[in-house]
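Colleague: Got a few minutes to walk me through this one? I'd like to go from single residues to the sheet and then to the charges.

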Amino acid sequence: MAIKDVYQAVLDFEEDSIAGLIEKELAAGTNVDQLLQEGLISAMDAVGKSFSEGELFVPEMLMAAQTMKAGLEVLKPKLGAGGASSAGVIVIGTVKGDLHDIGKNLVGMMLEGGGFEVFDLGVDVEPKTFVDAVKQHNAKIVGLSALLTTTMPAMEETVGALKEAGLNVKVMIGGAPVTQAYADKIGASGYSEDAPSAVELARNLAK
Ligand code: B12
């Protein structure tokens with residue numbers, strides 16, 4: 001019953017009250033994994049579905065993701081302490097020369113909502129920085145974002161640098177000008193057009 005309140009808080013964008021709700025649940029002894037799965041992750045899945053069906057738009061998805069993030073902050077320390085396990089480690093960033101980060105942030109938040117551990121390297125990220133971060137965090141997936149046609153080649157450069165470093169890592173790419181054909185061309189493992197489908201893609205790549 002009370003986990004449902006957490007679920008509903010995400011759908012209602014209750015960014016200010018969700019931390020309190022989760023703390024109350026934890027104090028009452030509710031299982032951390034259940035809170036994550038049935039409260040936050042299910043809610044974000046529902047938000048993703050509504051977005052795909054055209055019932056919600058980017059601003060609402062951002063608000064839901066912010067709310068989920070506020071809830072996740074409370075759960076995070078408990079997650080490491082046992083119980084729930086991460087769906088996988090993902091390093092994400094906007095490629096060299098590109099400063100657009102709204103879509104990338106949304107993807108990162110949705111991935112966190114989907115149970116992944118996400119290390120966000122920010123914007124204008126050099127290929128070598130991705131390589132170093134993958135090694136440091138032992139990431140299994142890298143997410144690259146580009147919003148400019150002029151910075152798309154930096155994706156190819158980054159894929160090349162990861163291969164050259166001999167890293168066994170899957171690369172998913174996205175951003176408005178990016179296509180599946182481009183992903184195929186540069187040897188990326190996958191492309192997705194929005195944040196909810198990025199979560200699906202990551203779940204497939206993590207298998
Ligand atoms: C906001 C914006 C800016 C802001 C960025 C602020 C910020 N913090 O991000 C500012 C003002 C800084 C900016 C600057 C510039 N911009 Co601008 N900008 C935009 C704008 C209006 C919206 C982008 C956006 O945030 N969309 C909303 C998000 C949610 O969508 P999204 O980014 O596409 O992300 C979704 C998917 O693509 C996908 N996705 C994204 N990343 C990833 C990653 C992975 C791994 C996966 C799987 C999926 C995925 O999921 C996301 C969520 O659903 C677009 C126009 C447009 N409508 O796209 C122009 C646009 C991208 N900008 C453009 C340009 C030209 C510029 C400038 C060069 C302008 C200038 N002359 O200075 C500079 C470049 C600066 C730089 N070096 O990067 C052009 C690009 C043209 C082109 N084809 O190359 C566009 C298309 C505008 C236009 N029509 O001309 N910009």
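Colleague: Leaving out residues up to four places away in sequence, which residues does Glu-25 touch?

Modeller: Bear in mind that this is a predicted model. Glu-25 sits in helix H2, which covers residues 18–27. Once residues up to four places away in sequence are set aside, the list for Glu-25 is Ala-2, Ile-3, Val-6, Thr-30 and Leu-35.

Colleague: Which side chain of opposite charge is nearest to Glu-25, and how far away is it?

Modeller: Glu-25 is buried, yet it has no salt bridge. A salt bridge needs the nitrogen within 4 Å of a carboxyl oxygen. The nearest candidate of opposite charge is Lys-24, at 6.9 Å.

Colleague: On to the ligand. Which protein atom is the donor to the cobalt, and at what distance?

Modeller: The cobalt atom has a single donor from the protein. The residue concerned is located in the loop between strand E1 (89–94) and helix H5 (102–113). That donor is NE2 of His-100, at 2.2 Å.

Colleague: Now the sheet: what is the strand order?

Modeller: There are 5 strands in an open sheet, and the pairing is parallel. Strands E2 (117–120) and E5 (190–191) stand at the edges, so one side of each is left without a neighbour in the sheet. Reading across, the order is E2-E1-E3-E4-E5.

Colleague: How many bridges hold E1 to E3, and how many hold E1 to E2?

Modeller: Take the E3 side to begin with: strand E3 spans residues 141–145 and pairs with E1 in the parallel sense over 5 bridges. On that side Ile-92 stands opposite Gly-143. Towards E2, the bridge partner of Val-91 is Phe-119. The E1 and E2 pairing is also parallel, and its count is 4 bridges.

Colleague: Which strands does H5 touch, and what angle does its direction make with that of E1?

Modeller: H5 packs on the sheet, with contacts to E1, E2, E3 and strand E4 (170–174). The direction of H5 makes an angle with that of E1 of about 170°.

Colleague: And helix H7, what angle does its direction make with that of E3?

Modeller: Helix H7 covers residues 152–164 and packs on the sheet too, touching E3 and E4. Relative to E3, its direction makes an angle of about 160°.

Colleague: How many residues of E1 are buried?

Modeller: Look at the two faces of E1 separately. Val-89, Val-91 and Gly-93 are buried on one side, and Ile-90, Ile-92 and Thr-94 are buried on the other. E1 is therefore largely enclosed by the rest of the structure, and the tally is 6 of the 6.

Colleague: Is Ala-198 buried or exposed?

Modeller: Ala-198 is in helix H9, residues 195–205. Beyond its neighbours within four places in sequence, Ala-198 is in contact with Val-107, Leu-111, Met-172 and Ser-192. Its C-alpha atom is separated by 8.2 Å from that of Met-110, 88 residues apart along the chain. With a relative accessible area of 3%, against a cut-off of under 20%, Ala-198 counts as buried.

Colleague: Let's do the charges. Which residues are linked in a network of salt bridges?

Modeller: The count of salt bridges comes to 6. One of them joins Asp-45 and Arg-203 at 3.7 Å, N to O, and this pair links helix H3 (residues 32–52) to helix H9 across 158 residues. Another joins Glu-200 and Arg-203 at 3.5 Å, both in helix H9 and about one turn apart. The network is thus made up of Asp-45, Glu-200 and Arg-203.

Colleague: What relative accessibility do Asp-45, Glu-200 and Arg-203 have?

Modeller: Partly exposed runs from 20% to 50% here. Asp-45 is partly exposed at 37%, and Glu-200 is partly exposed at 43%. Arg-203 is also partly exposed, and its value is 24%.

Colleague: Last one: which residue meets Lys-49 in a salt bridge?

Modeller: Lys-49 counts as exposed, at 52% relative accessibility. Its partner is partly exposed, with a relative accessible area of 46%. The N to O distance is 3.5 Å, and the partner is Glu-53.

How values were computed:
Residues numbered from 1 in each chain as written. Predicted model: local features only at pLDDT ≥ 70, side-chain atom pairs only at ≥ 80, totals over all residues. Heavy atoms only, no water. Helix = DSSP H or I, 4+ residues; strand = E, 2+ residues; numbered from the N terminus. Buried < 20%, exposed > 50% of the residue type's maximum accessible area, 1.4 Å probe, protein only. Lys, Arg positive; Asp, Glu negative; His and termini not counted. Contact = heavy atoms within 4.5 Å. Donors = N, O, S within 2.8 Å, 3.2 Å for Na, K, Ca; no water. Pairing = 2+ DSSP bridges. Axes fitted to C-alpha atoms, helices over the stretch in contact; angles between N-to-C directions.
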